[in-house]
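Student: I would like a close look at one part of this protein. Please take a single helix and describe what surrounds it, then work outward from there.

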Amino acid sequence: MQEPFEVIVVGAGYVGSSIAYHLCTAGVKTALFDRGLFAAAASRANYGNIQIQDMEMENSIEMIQMAAKKFETLEEELDWKVGLRRIGGLLLIENENQMYLMREREKVGRMAGFQSELLTDRELQEVEPLIDTSRLLGGLYHAKEGQVDPFQFIWGHLTRARQRGLREFYGVEVTGFIENSGRIEGIRTTQGDFYAKLVVLCTGAYTRALGKTLGRDWDVRYVLGQAMVTEPVGLALCGHISSASFFEQGDEIVGGGAVIANLALSQTMHGHLLLGEAMYTAEHFKKDVPYASLPGVGRAAVRYFPAFGKLRVLRGWCAPVAHTSDGCPFLGPVPELEGLFLATAFRSTVIISPLIGETVMQWFVRGNCDLNIEKFSPERKNQHAH
Ligand SMILES: Cc1cc2nc3c(=O)[nH]c(=O)nc-3n(C[C@H](O)[C@H](O)[C@H](O)COP(=O)(O)OP(=O)(O)OC[C@H]3O[C@@H](n4cnc5c(N)ncnc54)[C@H](O)[C@@H]3O)c2cc1C
């Protein structure tokens, strides 16, 4: 039998790597498992934006406030350059309904201490000079959101964790759990059984399938998010731009097979433009999205940035992004199954992940945590599996 660990973390994306780092820093004997390499799923597909204005407005404000603060000291604490840039985040408003939703968001954001401001269509050009405002009513702007380099962020956390004793198991799939009298004692994998006092699932869109091996039906849904990258250009965007239409769809994306193309535009520090984001709603797990969504992404981008119409696209990709029906994550111990903890389906994972790492560490080491996680319980009442 393998020597037991104190904690087994499953999933080496943003969330799992941050949890592994915080546990190892606190001296906890930790193992990290992934069936691929690190950043094998959604975490290799994303833009690295630190999104504040995207928050779920009822239960997640405290979480975003605490999470945003952690970025002030992140590089120093980690002693690693994660490519942190303070750039603005702009949500474009295309109709009256979106204007109403953004006014609400501005109000709630300001009450929480965030510097959100509604801009008129004319003011938009002051923050994004290349934008065509002819079809816009305005925008909701936060001057200090930000961006990290996704690879450096995850690799930095893993490197520091490894230096503090992390054991990594890549290419090893978790197939089930070792359960004994209502207690999880470890995991079953394609390379044998491994034991720990606590198993933390950071498995994103795949979490529901693992729950089913235990007879649980956690309401983790997903969309396949798709994006493209262009050849590098000079400075074209000052910040991250997305469409307020994301919020018109609400948290519950119903039905399978629909292609939804919302605008999500960013520029990397190397000058490449990231164009997205078409979402393909999938009821059954799929690995790819239809080609029909690629033109949707392109059209969404050039509608407001005609200057990008002639850029060459280098490649496109997609990844399953987890979400829940009420827009709040699953973060906490699984009721009546001691030894199992979920940390998944975060709405804006990049901003949240350093806080989640710290929270899970505190919960394991101290038995409680600074962040109130009760409302994020995996089997809370307002969740409904379907
Ligand atoms: C185009 C695009 C752009 C995005 N941009 C942003 C952005 O700018 N900012 C932002 O905050 N979010 C963004 N997102 C969303 C973000 O990428 C995800 O929310 C985030 O990566 C989820 O991280 P995670 O660690 O929870 O899960 P994942 O990265 O999905 O990691 C789950 C891991 O678990 C592993 N796993 C699953 N099942 C098993 C098993 N049985 N055994 C072993 N391993 C297993 C997988 O291999 C995977 O590595 C974007 C998404 C897309 C698609």
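Tutor: What follows starts from helix α1 and its packing partners, then turns to the ligand shell, the domains and two backbone details. The model is predicted, and every value below is computed from it.

Helix α1 covers residues 14-25, and one of its partners is helix α10, residues 349-366. Their axes are 8 Å apart and the packing angle is about 40 degrees. The two helices are therefore oblique to each other, and their crossing is right-handed. On the α1 side the contact involves Tyr 14, Val 15, Ser 18, Ile 19, Tyr 21, His 22 and Leu 23. On the α10 side it involves Thr 349, Val 350, Ser 353, Pro 354, Ile 356, Gly 357, Glu 358, Val 360, Met 361 and Phe 364. By class, this contact consists of 11 nonpolar residues, five polar and one charged.

Another partner of α1 is helix α6, residues 150-163. Here the axes come within 8 Å, and the crossing angle is roughly 30 degrees. Angles under 35 degrees count as roughly parallel, and α1 and α6 are therefore described as roughly parallel to each other. The crossing of α1 with α6 is left-handed, whereas that of α1 with α10 is right-handed. From α1, the residues that meet α6 are Tyr 14, Ser 17, Ser 18, Ala 20, Tyr 21 and Cys 24. From α6, the residues are Ile 154, His 157, Leu 158, Arg 160 and Ala 161. Seven residues of this contact are nonpolar, three are polar and one is charged. Tyr 14, Ser 18 and Tyr 21 of α1 appear both in the contact with α10 and in the contact with α6.

Helix α10 also packs against helix α2, residues 61-70, with axes that come within 8 Å and cross at roughly 85 degrees. That angle makes α2 roughly perpendicular to α10. Met 63, Ile 64, Met 66, Ala 67, Ala 68 and Lys 70 of α2 touch Ile 351, Ile 352, Pro 354 and Leu 355 of α10. The contact of α2 with α10 has nine nonpolar residues, one charged residue and no polar ones. Pro 354 of α10 thus takes part in the contact with α2 as well as the contact with α1.

Next comes the ligand. The shell around the ligand holds 40 residues, of which Gly 11, Gly 13, Asn 46, Gly 204 and Gly 225 come nearest. Helix α1 gives the shell its largest share, three residues. Elements that supply at least two residues each include α1, α10, β2 (30-34) and β12 (221-232), along with β15 (272-281) and β16 (313-323). By class, the shell comprises 20 nonpolar, 16 polar and four charged residues.

The chain is divided into domain 1 (5-61 + 150-218 + 326-376) and domain 2 (89-143 + 221-323). Each domain provides at least three residues of the ligand shell. The C-alpha centres of the domains lie 28 Å apart. In the contact between them, 17 residues belong to domain 1 and 24 to domain 2. The domain 1 side of that contact has nine nonpolar, seven polar and one charged residues.

Two backbone details remain. Most residues other than glycine have a negative phi, and most peptide bonds are trans. Ala 39, which is not a glycine, has a positive phi of about 50 degrees, and is placed in the loop between β2 and β3 (49-50). The peptide bond that joins Gly 276 and Glu 277 is cis, with omega about 5 degrees. Glu 277 is in strand β15, one of the elements that supply the ligand shell.

Methods
Residues numbered from 1 in each chain as written. Predicted model: local features only at pLDDT ≥ 70, side-chain atom pairs only at ≥ 80, totals over all residues. Axes fitted to C-alpha atoms, helices over the stretch in contact; angles between N-to-C directions. Helix = DSSP H or I, 4+ residues; strand = E, 2+ residues; numbered from the N terminus. Parallel < 35°, antiparallel > 145°, perpendicular 65-115°, else oblique. Left-handed = near helix turned anticlockwise from the far one by under 90°. Contact = placed C-beta atoms within 7 Å. Nonpolar A, V, L, I, M, F, W, Y, C, P; charged D, E, K, R; others polar. Domains from an automatic or database assignment. Near = placed C-beta within 6 Å.
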